[in-house]
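Visitor: I have a model open on my screen and would like to learn how to read it. Could you take me through it feature by feature?

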Amino acid sequence: MAAPAFTDPGPVFTDSGQVQIEWTSDEPVTLTLTPEGGAARDVYRGDGGAVFLSGLAEGDYRMELTGDSGAVSEALAVEVGHQSLTLALWLAAVGALVFMSTIVVIVRGARDGEDAA
């Protein structure tokens with residue numbers, strides 16, 4: 001029996017804290033997630049070939065698959081780097097400016113239409 005293997009050998013990068021992990025295996029597996037400097041925890045057990053993880057905090061992670069026979073996959077590196085708060089606030093401010101400008105144009109256009117009548 002071949003060792004389980006990740007479909008994408010990585011490394012995997014996400015800026016949202018969400019990641020889809022896929023693998024191939026001839027037997028049920030346990031997917032283990034280990035944060036850098038932290039304790040390993042099982043996040044999946046079963047016959048499936050994929051899992052979607054969300055809510056990952058910023059940092060580096062290591063994932064491994066272990067088959068029921070004890071065969072272990074190559075480790076998969078996952079890096080989570082959330083977008084900066086400063087960028088998010090700037091984009092929100094630009095969106096608010098565009099929204100307010102659109103409201104001003106609509107209101108001025110409605111007033112100009114009343115003056116012409």
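Visitor: How much surface does the chain expose, and what share do carbon and sulfur atoms supply?

Guide: Accessible areas come from the Shrake-Rupley method with a 1.4 Å probe, and for residues only the protein chains shown count as cover. Here the chain exposes about 7,800 Å², and 57% of that comes from carbon and sulfur atoms. Please keep in mind that this is a predicted model: local features need pLDDT of at least 70, side-chain atom pairs count only at pLDDT 80 or more, and totals for chains, interfaces and linings use all residues. Residues are numbered from 1 along each chain as its sequence is written, and side-chain values use heavy atoms, with hydrogens and water left out.

Visitor: What is the radius of gyration of the chain, set against that of a compact globule?

Guide: The radius is taken over C-alpha atoms, and the globule rule is 2.2 Å times the number of residues to the power 0.38. A compact globule of 117 residues would come out near 13 Å, but this chain has 24 Å. Along the principal axes, its C-alpha atoms fill a box of roughly 85 × 30 × 20 Å.

Visitor: Which secondary structure elements does the chain hold?

Guide: Helices (H or I, at least four residues) and strands (E, at least two) are DSSP runs, numbered from the N terminus. The chain has one helix and eight strands, in the order β-β-β-β-β-β-β-β-α from the N terminus on.

Visitor: How are the strands paired, say in the open sheet of three?

Guide: Two strands pair if DSSP finds at least two bridges between them. The open sheet has the order β1-β3-β6, with antiparallel pairing. Its edge strands, β1 (5–6) and β6 (50–53), each pair on one side only. Two bridges join β1 to β3 (residues 19–24), and F6 stands opposite W23 in β3.

Visitor: And which strands does β7 pair with?

Guide: Strand β7 (residues 59–67) pairs antiparallel with β4 (residues 29–35) over seven bridges; V29 has G67 as its bridge partner there. Five bridges also join β7 to β8 (residues 76–80), again antiparallel, with G59 partnered by V80.

Visitor: Is S73 buried or exposed?

Guide: Buried means under 20% relative accessible area, exposed over 50%, and partly exposed in between (1.4 Å probe, protein chains only). S73 counts as buried because its relative accessibility is 6%. This serine lies in the loop between β7 and β8. Contact means heavy atoms within 4.5 Å; leaving aside neighbours within four places in sequence, S73 touches P4, A5, F6, E64 and L65. For contrast, D26 is exposed because its relative accessible area is 57%, and D26 sits in the loop between β3 and β4. Over the chain, 24% of the 117 residues count as buried.

Visitor: Which residues make the nonpolar surface patch?

Guide: Patches are made of residues with over 30% relative accessible area and no salt bridge (a side-chain nitrogen of Lys or Arg within 4 Å of a carboxyl oxygen of Asp or Glu). Like charges are joined within 9 Å, and nonpolar side chains (Val, Leu, Ile, Met, Phe, Trp, Tyr) within 5 Å. In this model F99, M100, I103 and V107 make a nonpolar patch of about 370 Å². M100 is found in helix α1 (residues 85–116), and M100 counts as partly exposed because its relative accessibility is 48%.

Visitor: Where is the cis peptide bond?

Guide: Most peptide bonds are trans. Here, a cis bond joins G10 and P11, with omega about 0°. P11 lies in the loop between β1 and β2 (12–14).
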